[in-house]
Amino acid sequence: MTKGLLQDMRERFEQVQTPFYYYDTQLLAETFAAIRCETDKHEGWHMHYAVKACANPKVLQKIQQAGFGADCVSGGEIRTCLENGFPAGEIVFAGVGKADWEIELALEVGIQYFNVESLPELEVIAEIAERMGKVADVSFRINPDVGAHTHAHITTGRAENKFGIAREEMVRVIRTSQLMPSVRFVGLHFHIGSQILQMDDFEALCLRINGLQEQLEAEGIAVKNINVGGGLGIDYENPDQHPLPDFKAYFDTYVRHLKLRPGQHLHFELGRAVVGQCGSLITRCLYVKKAATKQFVIVDAGMTDLIRPALYGAHHHIENLSNSTSSNRKYDVVGPICESSDTFAKDCLLPETKRGDLLAIRSAGAYGEIMASRYNCRELPKAYTMEDFQS
Ligand code: LLP
């Protein structure tokens, strides 16, 4: 989605109430094609889209139609996926704190497998499966203790993080599961973090997995699926120059460094890289306020609609869709919420901005709409796709 294309949509955007999310389904389709161009070359490679990034039904349906499975982290996500056409057999279920009802739901509908994060969780899954007369396919999430060059809040693969089972425990946990008649060991799961742009981090994960696979081989333990999680980042600074993430570099890293065994399946769980660039938060300037040292553009979207800047100090490129002609000025772009952290950008360069102008906050397709809240009793943001404006 280039800036030009968004500006072309301005008249149509004027017809609906702001703020709202806009999903460029054409870019989404191009993203699917770019992913499949890499993954289809390899037998046994599967993409399970990380639903937590965006569960908008229209987006989810397109992802399902593109042939991807789903990576869910709650019973709610499993239900949402089923409602939007994903077959249960293409859903995997992760998360450190699966509640009993969520495990029951997953077994009832027959998901592909659980990504199990602890021994106590394994015991509960085994107990519930036995009671339901089912066999649960389980994959163990191993904490690879591999660092990722990303924000501390979204690093997950270090030993000190709450996620996964320690490497030293891996064999013991697998052996325990092999003694349980109501579970079947089907694989290993990893995830090192999110918004990762350095391929070395994924390479380090591959090397770690190779070591673990050798250890398991020596123990005579066969592994059917290797799930490497997600984490590929997007270019938040220059969404127009890089509307597609570097899928080739990402998948090539696995081709070059991960030693799969014959017949082994490789699963990916990308979220952000699939949907991040196709979404924008469209908002309207309510006021331009001049303070002693600053000018504020106060918009009608707030941290309730897009929390990433407030929560992670995340950068999102902002542009004025109503005026791109005059020379740039510096503004702080802020929302209406009663919190100082309700700031989308500081010292942001924008053409002269006036009350009523439409602004696009870019690269908001992932962890945007889905993380919205009703703080200050605000409405949840609406969402539209290109097709909604065509009809
Ligand atoms: N698999 C697992 C086990 C995960 O925990 C995650 C993300 C993914 C896959 C997908 O990661 P992705 O490909 O999207 O990087 N709210 C934060 C991001 C949190 C990511 C949590 N886990 C943000 O707005 O940056």
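Start with helix 7, residues 119-132, in this predicted model. Helix 7 supplies 3 residues to a patch of negative charge, the largest share of that patch. To see the whole patch, select Asp 100, Glu 123, Glu 127 and Glu 130, which gather on the surface.

Stay on helix 7 and pick out Glu 123, which sits in this helix. Is Glu 123 buried, partly exposed or exposed? With a relative accessible area of 41%, Glu 123 is partly exposed.

Next, turn to the cysteines. How many disulfides does the model contain? The count is 0. Select Cys 54 and Cys 278 together: the sulfur of Cys 278 is the closest cysteine sulfur to that of Cys 54, but at 6.9 Å it is too far for a bond. Cys 54 is also buried, its relative accessible area being 1%.

Then select Cys 81 and Cys 72. The sulfur of Cys 72 is the nearest cysteine sulfur to Cys 81, at 3.7 Å, and Cys 81 is in no disulfide. The pair is not counted because a disulfide requires sulfur atoms within 2.5 Å. Cys 81 is buried, with 0% relative accessibility.

Keep Cys 278 displayed and add Asp 24. Asp 24 and Cys 278 lie 254 residues apart in sequence, yet their C-alpha atoms are 5.0 Å apart in space. Where in the chain is Asp 24 found? Look in the loop between strand 1 (20-23) and helix 3 (25-39). Asp 24 has a relative accessible area of 3% and is buried, whereas Glu 123, back on the negative patch, is partly exposed.

Key:
Residues are numbered from 1 along each chain as its sequence is written. This is a predicted model: local features need pLDDT of at least 70, side-chain atom pairs count only at pLDDT 80 or more; totals for chains, interfaces and linings use all residues. Side-chain values use heavy atoms; hydrogens and water are left out. Patches are made of residues with over 30% relative accessible area and no salt bridge: like charges are joined within 9 Å, nonpolar side chains (Val, Leu, Ile, Met, Phe, Trp, Tyr) within 5 Å. Accessible areas come from the Shrake-Rupley method with a 1.4 Å probe; for residues, only the protein chains shown count as cover. A salt bridge is a side-chain nitrogen of Lys or Arg within 4 Å of a carboxyl oxygen of Asp or Glu. Lys and Arg count as positive and Asp and Glu as negative; His and the chain ends are not counted. The place of a charge is taken as NZ of Lys, CZ of Arg, CG of Asp or CD of Glu. Helices (H or I, at least four residues) and strands (E, at least two) are DSSP runs, numbered from the N terminus. Buried means under 20% relative accessible area, exposed over 50%, partly exposed in between (1.4 Å probe, protein chains only).
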